[in-house]
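Colleague: I am new to this structure and would like a close look at a single part of it, the place where the ligand is held. Could you take me through that part slowly, in one connected account?

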Amino acid sequence: MEVIGVKDFNEMSKRAAQFVYEDLVNRRIKVMGMATGGTPIGFYKQLVRLYKKGDFSFKGIQTVNLDEYVGLSPENPNSYHQYMYQHLFQHIDIQRDQTHLPNGAAEDLERECVRYEQLIEELGGIDLQLLGIGENGHIGFNEPGTSFHSNTHVVNLTTATREANARYFNDRREVPKQAITMGIDTIMKSKKILLLASGKEKAQAIYRLLYDKVDESCPATILQRHPNITIIADNEALSLV
Ligand code: GLP
């Protein structure tokens, strides 16, 4: 595991974009796993900036997102579908059929989970998975207690996670109670992982990721066992380390 410490959110975003840029230019990524939330917003901005220099293209690349809220259609402004369009897809040469997210509005959620897991397999697995981290150590939407053997599944979001994400909604009552997320095993099968963390709210989770016993009570601890993971975190997120 490599840990790269940087000054702040801006430095984290730039460093992460540079990291991914090198893999894209050298054509090491066919399938890229995307993350949402506040943390990767600066990264996407920097990646778009590098893309505009013209050294690489998204032609032939497929993207798969970690998760999506249940009950929000892809057109809903709070959906991760819209987030990805707004922050990345509308700015790059990528077509609709190259981008994949779980469908949180699917009628049969169980079937949707199976479809999504199979899709990732059929694409040949994830070459590089981008990750953020929840304050309680969740990755994707895998809350504490999730089995390390889990595949894509439906989760009930904890009150803490709903509260942490309420800032993106007009009203906290609008925050969905469930989500579809890649499982821990789905994430761990990625060939390479890049995890980003910024801010003192993440300090405890980063400490636990690095030093706690690997245990399902803190999902991120499993990352200690990943053979190729890089963490880019700012001073505040590393303040307990
Ligand atoms: C959400 C997402 C995660 C994300 C986490 C942290 O729950 N499902 O993928 O890593 O929140 O979000 P933020 O970056 O906004 O702190």
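Modeller: The ligand sits in the largest pocket, and since everything that follows is read from a predicted model, each value should be taken as computed from that model. The volume of this largest pocket comes to about 510 Å³. Its lining is made up of 30 residues, and those closest to the centre of the pocket are I133, G134, H138, N165 and K202. If you look for the element that supplies the largest share of this lining, you will find helix α5, residues 159-165, which contributes four residues. Sorted by class, the lining of the largest pocket holds twelve nonpolar residues, 13 polar ones and five that are charged.

Turning from the pocket to the ligand itself, we find that 14 residues surround the ligand, and that G38, T39, D67, Y168 and K202 are the closest of them. K202 is thus named among the residues closest to the ligand as well as among those closest to the centre of the largest pocket. In the shell around the ligand there are four nonpolar residues, seven polar residues and three charged residues.

Individual atom pairs fill in the picture. For T39, a polar side-chain atom is found 2.4 Å from an oxygen atom of the ligand, and for K202, a polar side-chain atom is placed 2.6 Å from an oxygen atom of the ligand. With G140 it is the backbone that takes part, as one of its polar backbone atoms is 3.3 Å from a nitrogen atom of the ligand. On its own the ligand has 390 Å² of accessible area, and the protein covers 96% of that.

For context, it helps to look at the second largest pocket too, where about 220 Å³ of space lies. This second largest pocket is lined by 14 residues, with P77, N78, S79, Y83 and Y168 nearest its centre. Y168 therefore deserves a second glance, being listed there and also among the residues closest to the ligand. Helix α3, residues 80-87, gives the most to the lining of the second largest pocket, namely five residues, and by class that lining divides into seven nonpolar and seven polar residues, with no charged ones.

Technical notes: Residues are numbered from 1 along each chain as its sequence is written. This is a predicted model: local features need pLDDT of at least 70, side-chain atom pairs count only at pLDDT 80 or more; totals for chains, interfaces and linings use all residues. Side-chain values use heavy atoms; hydrogens and water are left out. A residue is near a molecule or strand if one of its heavy atoms lies within 4 Å of it. A polar contact is a pair of N or O atoms within 3.5 Å; within protein, one must be able to donate a hydrogen and the other to accept it, and residues adjacent in sequence count only if both atoms are side-chain atoms. Accessible areas come from the Shrake-Rupley method with a 1.4 Å probe; for residues, only the protein chains shown count as cover. On a 1 Å grid over the protein atoms alone, a cavity is a set of points where a 1.4 Å probe fits but cannot get out, and a pocket is an open set with protein on both sides within 12 Å along at least five of seven lines; lining residues have an atom within 4 Å of a point. A molecule sits in a cavity or pocket if more than half of its atoms lie within 2 Å of its grid points. Ala, Val, Leu, Ile, Met, Phe, Trp, Tyr, Cys and Pro count as nonpolar, Asp, Glu, Lys and Arg as charged, and the others, Gly among them, as polar. Grid points are joined across faces, edges and corners, and a volume is the space filled by probe spheres set on the points. Helices (H or I, at least four residues) and strands (E, at least two) are DSSP runs, numbered from the N terminus.
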